[in-house]
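Work through the exercises below with the structure open. Each task is followed by a solution in steps.

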Amino acid sequence: MGKFKMTMFGLWLTLTLMVALGSSVLKNRVQVLERKLATINSNIQDDIAQIHVLKAEWSHYNTPDRLRKLAYEQLSLENAKPEQIINYSALHFNYEDGRTSSAVRSDKKGLTTLVKAEVKKN
Amino acid sequence: MGFNVSFSKRNNENFYLPGQEIKISRGTISSKNYTTESDNVMTCRTRTIVTLCFFALAYLILGIRVSYVCLGKGINIDAAISEVTDKDVFRFRNPVKRADILDRNGEIIATSLPTVNLYANTKQIKNPQDVAEKLNYVFPDISYEEFEKKLSRRGAFIYLKRNLSPAQQMQVNNLGIPGLEFENCETRIYPHKNLFAHVLGKTNVDNEGISGLEKYMNERLTSSTKPLHLTVDLGIQNKIRDELIAGVKQFNAEGAAAILMNVKNGQVVSLISVPDYDPNENVKVAERPMFNFATKGIYEAGSVFKVFNTALSLESGKVKVTDRFDTSHPVYYGRLRVTDPHGSHGRLTPEDILVESSNIGSSLEISLVGKKFQRKFLQSINMDKALDEFELPEIAKPQFLSESRWGEVSMVTISYGYGISSTPLHIISAFSAVVNGGLYRQPTLLEDSKHKSKRVVSQQTSESMRALLRAVVVRGTGKRANVDGYQVIGKTGTADKLENGRYNHKKSISTFISAFPESDPKYALIVVMDDPKASKETYGYTTAGWNAVPISKNIISAVAPQLNVKADFDIEKQKSIVDAAYKAKK
């Protein structure tokens, strides 16, 4: 066998072994990844089922009757009445430019301090 | 240009490489003919080596790349996974196939939960009695006898129990009995129980819609898991239902219904009919709680129809808001004697006719307009047909007289609300058109609905009607619904109940239809009380002004702030409220 043929044979053998080994490793890694993907899919499915349960539970906890009861018991809140919803212009403190109205400024014991304190508190 | 191809004579003693025996003479190209026979072997060898080198190079590149990818760190797997855009890679099965239903704020009002059903392959069960005993221990709600009966049957698929909880499933698994299997399924849950019973309806054990929206939208709900957005509002629905239940209790009524509708687009914000039922429970429900009075209950609305009578009279141009009608004496139409139940009122304008709810005045108005225009107008506001496009299967077709039976007497009785029966849904849809500027919009429960609108009255008639209806609330039968700041407009109606084709004068259905605010109505509300009883508080009256109207006031007071309807309060009055609040704190 000539030198050239030996070289060629060696080259082909090396290449074949490289490709065979590479393919084997590749197949193995793909299998690992497929198993990982299957696990991920299974976990997603379980999570979706769990999310459905949690959503239903959340909705159950948010029933208006329960919230109203909690708001009343824990926060002393009641339904807003129409007369409680007022226009900005009815307030003595101008929220937009941060100044009080002249009516309040003229009143030394006016509501300015009270309103400011209220705003600060909130 | 051409090629002269000739085949050399085959010499069997010689070895010819492929193509060697084909000689190409390019006589037409070159003046000199020549053969390549002497170079053939060399050419083939060269070509073979070039080809081999090419393949070897390709093989080398492939080998290096594969080795690099597999043995080295040629590809960052995690990065590659994160770059995956093809969703098909993630082939997970959504355990729930029926889409959720959400209210207009995105709150879940119907959802499905993945569960399992327990079934038995009785061919594999050797001792049914023993298995029945064990199962009875896990499921005390099912008797031993029932389990034994099922397990004694021969079959590969016999349901033992549906919708097991995870704990129950684990308990059955722990029994370790061969032949007991689980089937994956889903069950429909209505977290708010009765609240949306008549809107949503319910599903059967196979999770198929059998009533309400679940039935009407069954295909949509099962074909996509994308949630279905409705126009109803959880908080408002709850408030209105509470008020209706309180009203039914207070007035000892047989039932009640209410619809709150956005007059600008026909969206139904709330739809309630009581009594109702809990769709979560798989038990047989009595007929009345299953009956959706709001969309299926056809009844004669009584004086509420005077709204449409006045609107069509003004629209015809034959009646003006300044006209006066003499209502001091009963009026006769053939054998029909029209009187006013509240006594004589003298000469009334159309506004007074609505305020006093005068039957005589209404009959005089329609006499000027005529039955043809009346019939045409009522047809234009869909009083002659079922509202098929509304997304509930429980709808009813109004009882609308045929043209031949639409005589003078019918024309007159219809003018004050007798002779045509319709549903609360029909009435509120038509009323919305009268007060919203004159456009009739199909009622809908779906947020993305694109129903077309049609003009039924002019802008001017609509404006006039709003002013007339405001007078009813300010100084008429609807004054108990006058909520400060919201300029409520409306009309009451009380009609004797029709039972087995005869009017029962001891039973009535009272209605109050309203809208707010008068200047630019945004919402319309109808409240219907079925057979309310008189009490001390109502001074013996059962008319709408004593029951449906105060209920409407409570509802409007509570829901108008939630609906972001701007209250039109006197600024000075508001300032005094603020002052008082701060001074009280001081």
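**Exercise 1. A residue with two bridge partners**

Task: Find which residue of strand 19 of chain B stands opposite Thr492(B), and then find the bridge partner of that residue in strand 20 of chain B.

Solution.
Step 1. The model is a predicted one. In strand 19 of chain B, the residue opposite Thr492(B) is Phe512(B).
Step 2. Phe512(B) in turn has Val527(B) as its bridge partner in strand 20 of chain B.
Step 3. Strand 19 of chain B, residues 502–516, is joined to strand 18 of chain B by eleven bridges, and the two run antiparallel. Strand 20 of chain B, residues 523–530, pairs with strand 19 of chain B over eight bridges, also in the antiparallel sense.

**Exercise 2. Register and turns**

Task: Follow the pairing of strand 18 with strand 19 of chain B and state how many residues lie between these strands in their hairpin.

Solution.
Step 1. Take Ile489(B), which stands opposite Ala515(B) in strand 19 of chain B.
Step 2. Move to Leu498(B); its bridge partner in strand 19 of chain B is Tyr503(B).
Step 3. The hairpin of strand 18 and strand 19 of chain B has two residues between the strands. In its turn, Asn500(B) has a positive phi of about 50 degrees.
Step 4. For the hairpin of strand 19 and strand 20 of chain B, the count between the strands is six residues.

**Exercise 3. The sheet as a whole**

Task: Give the strand order of the five-stranded open sheet in chain B and name its edge strands.

Solution.
Step 1. Written across the sheet, the order is 9-8-20-19-18, and the pairing is antiparallel.
Step 2. The edges are strand 9 (268–274) and strand 18 (489–499) of chain B, since each of them pairs on one side only.
Step 3. Ignoring direction, neighbouring strands of this sheet are turned against each other by 15 degrees on average.

**Exercise 4. Two helix pairs**

Task: Classify the crossing of helix 12 with helix 17 of chain B and that of helix 14 with helix 16 of chain B, then list the residues in contact.

Solution.
Step 1. Helix 12 (residues 305–316) and helix 17 (residues 424–435) of chain B have axes that come within 10 Å and cross at roughly 40 degrees. Helix 12 and helix 17 of chain B are therefore oblique to each other, and the crossing is left-handed.
Step 2. Helix 12 of chain B brings Val307(B), Phe308(B) and Ala311(B) to this contact, and helix 17 of chain B brings Ala430(B), Phe431(B) and Val434(B). By class, the contact of these two helices has six nonpolar, no polar and no charged residues.
Step 3. For helix 14 (residues 359–369) and helix 16 (residues 408–415) of chain B, the axes come within 8 Å and cross at roughly 130 degrees. Helix 14 and helix 16 of chain B are therefore oblique too, with a right-handed crossing.
Step 4. Ser362(B), Ser363(B), Glu365(B) and Ile366(B) of helix 14 of chain B meet Met411(B), Val412(B) and Ser415(B) of helix 16 of chain B. The classes here are three nonpolar, three polar and one charged.

**Exercise 5. Domains and chains**

Task: Describe the contact of domain 2 with domain 3 of chain B, then the side of chain B that touches chain A.

Solution.
Step 1. The domain assignment of chain B gives domain 1 (1–76), domain 2 (101–229) and domain 3 (239–562). The centres of domain 2 and domain 3 of chain B, taken over C-alpha atoms, are separated by 44 Å.
Step 2. Their contact takes 19 residues from domain 2 of chain B and 17 residues from domain 3 of chain B. On the domain 2 side, helix 6 (197–200) and helix 7 (212–216) of chain B each supply at least two residues. That side divides into nine nonpolar, six polar and four charged residues.
Step 3. Between chains, 48 residues of chain B are in contact with 40 residues of chain A. Helix 1 of chain B gives the largest share of the chain B side, ten residues.
Step 4. By class, the side of chain B that touches chain A has 30 nonpolar, eleven polar and seven charged residues.

Technical notes:
Residues are numbered from 1 along each chain as its sequence is written. Chains are lettered from A and ligands numbered from 1 in the order in which they are written. This is a predicted model: local features need pLDDT of at least 70, side-chain atom pairs count only at pLDDT 80 or more; totals for chains, interfaces and linings use all residues. Axes are lines fitted to C-alpha atoms, for helices over the stretch in contact, and angles run from 0 to 180 degrees between N-to-C directions. Helices (H or I, at least four residues) and strands (E, at least two) are DSSP runs, numbered from the N terminus. Angles under 35 degrees count as roughly parallel, over 145 as roughly antiparallel, 65 to 115 as roughly perpendicular and the rest as oblique. A crossing is left-handed if the near helix is turned anticlockwise from the far one by less than a right angle, and right-handed if clockwise. Two residues are in contact if their C-beta atoms, placed from the backbone, lie within 7 Å. Ala, Val, Leu, Ile, Met, Phe, Trp, Tyr, Cys and Pro count as nonpolar, Asp, Glu, Lys and Arg as charged, and the others, Gly among them, as polar. Domain bounds come from an automatic or database domain assignment. Two strands pair if DSSP finds at least two bridges between them.
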